[in-house]
Amino acid sequence: MEYKVNINGIDVLADFSEEDITNKYIPLLKKLAKMHDEKKSRILMMLAAPPGAGKSTLASFLEHLSTEVLKDKKVVAIGMDGFHKRQEYLVSHTTTIDGATISLKEIKGAPVTFDLEGLTKKIKDVKSGALCRWPVYDRLLHNPVEDAITVNGDIIILEGNYLLLNKPGWRELSYYADFTAFIKRDPDMLRKRLIERKIASGTSREDAVKFVDFSDMKNVMLCLECSMTPDVVL
């Protein structure tokens with residue numbers, strides 16, 4: 001099934017096989033619906049994956065698919081990318097890597113470049129079942145857009161790189177999840193995807209390759225090697 005969607009300001013054309021839809025995604029949605037029936041309150045699923053693995057597209061597709069599969073449930077997909085620290089902050093703050101002082105902008109996408117405190121607070125709001133607003137990240141603006149989504153569903157699918165990261169502060173996020181999933185992908189394929197995505201956001205190929213190899217691939221390996229065990233691997 002072809003699925004066209006705009007993810008963080010970039011148009012994406014994805015293709016999901018009927019086999020995966022039938023054997024993986026519909027059963028997953030029905031499982032979440034059953035959990036909602038049993039709990040009688042909002043369900044929060046966390047979907048973690050390395051950068052470039054397609055987690056944002058999959059979360060969006062699950063929301064779309066739910067309108068056909070779950071007639072009596074409202075599924076809303078949201079992402080942690082809206083909690084990127086603003087570009088202005090990243091440009092004006094530094095960190096030290098291998099003895100060198102560099103701008104946070106040079107490692108944008110690393111855990112330190114996210115507002116973990118703000119993300120944690122918003123996750124608590126979502127978990128409480130309250131009607132709340134949620135930010136999204138725009139890759140063309142290179143900044144978050146505040147209060148872009150209204151979270152008012154029965155089942156919330158939250159996707160992000162570090163939702164299962166086994167590091168202080170991050171590992172506590174999964175405590176709020178009713179169900180967790182992780183997407184595993186080949187690092188070489190992810191590198192290719194990340195370069196193309198960087199180019200699509202207006203970066204030259206030379207700069208895209210440089211950034212991906214210096215920053216993104218470190219985050220890819222961090223996610224693959226330091227994430228906690230999920231309820232299901234996709």
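**Exercise 1. The sheet and its edges**

Determine the order in which the 5 strands of the open sheet are arranged, and identify which strands stand at the edges.

*Solution.* In this predicted model, the strand order of the open sheet is β4-β9-β3-β10-β11, with parallel pairing. Next, consider the partners: β4 (75-79) and β11 (232-233) each have a single partner strand, so one side of each lacks a neighbour in the sheet, and these two stand at the edges. At the β11 end, strand β10 (residues 179-182) runs parallel to β11 and is joined to it by 2 bridges. Within β11, Val232 is the residue opposite Ala181.

**Exercise 2. Helices on the sheet**

State which strands are touched by helix α4, and over which strands helix α1 lies.

*Solution.* Helix α4 (residues 116-127) packs on the sheet through β3, β4 and β9, and its direction makes about 140° with that of β3. Helix α1 (residues 18-39) lies across β3 (43-48), β9 (155-160) and β10. The angle between α1 and β3 is about 145°.

**Exercise 3. The packing of α1 and α2**

Classify the mutual orientation of α1 and α2, then describe the residues of their contact.

*Solution.* The axes of α1 and α2 are 10 Å apart, and the helices pack at an angle of about 75°. Angles of 65 to 115 degrees count as roughly perpendicular, and α1 and α2 are therefore roughly perpendicular to each other. From α1, the contact draws on Ile21, Tyr25, Ile26, Leu28, Leu29 and Lys30; from α2, on Leu58, Phe61, Leu62, Leu65, Ser66 and Val69. By class, these residues comprise 10 nonpolar, 1 polar and 1 charged.

**Exercise 4. An aromatic pair**

Characterise the geometry of the pair formed by Phe16 and Phe61, and locate both residues in the chain.

*Solution.* The whole structure contains 8 aromatic pairs. In the pair of Phe16 and Phe61, the ring centres are 3.9 Å apart and the planes differ by 10°. Planes under 30 degrees apart count as stacked, and the pair of Phe16 and Phe61 is stacked. Phe16 belongs to the loop between β2 (10-15) and α1, whereas Phe61 is in helix α2 (residues 55-69); the pair thus links distant parts of the chain, 45 residues apart.

**Exercise 5. The crossing of α5 and α6**

Describe how α5 and α6 are oriented to each other, and give the handedness of their crossing.

*Solution.* Helix α5 (residues 187-200) and helix α6 (residues 205-226) have axes that come within 9 Å and cross at roughly 135°. The two helices are therefore oblique to each other. The crossing of α5 past α6 is right-handed. Contact residues include Leu190, Leu194 and Ile199 of α5, and Val209, Phe211 and Met217 of α6. By class, the contact holds 13 nonpolar, no polar and 6 charged residues.

**Exercise 6. A hairpin**

Establish how β5 and β6 are paired and connected.

*Solution.* Strands β5 (residues 94-97) and β6 (residues 100-103) run antiparallel and are joined by 4 bridges. Thr95 has Ile102 in β6 as its bridge partner. The strands form a hairpin with 2 residues between them, and Asp98 in the turn has a positive phi of about 55°.

Note on methods
Residues numbered from 1 in each chain as written. Predicted model: local features only at pLDDT ≥ 70, side-chain atom pairs only at ≥ 80, totals over all residues. Heavy atoms only, no water. Axes fitted to C-alpha atoms, helices over the stretch in contact; angles between N-to-C directions. Parallel < 35°, antiparallel > 145°, perpendicular 65-115°, else oblique. Left-handed = near helix turned anticlockwise from the far one by under 90°. Contact = heavy atoms within 4.5 Å. Nonpolar A, V, L, I, M, F, W, Y, C, P; charged D, E, K, R; others polar. Pairing = 2+ DSSP bridges. Phe/Tyr/Trp six-rings, centres within 6.5 Å; stacked < 30°, edge-to-face > 60°.
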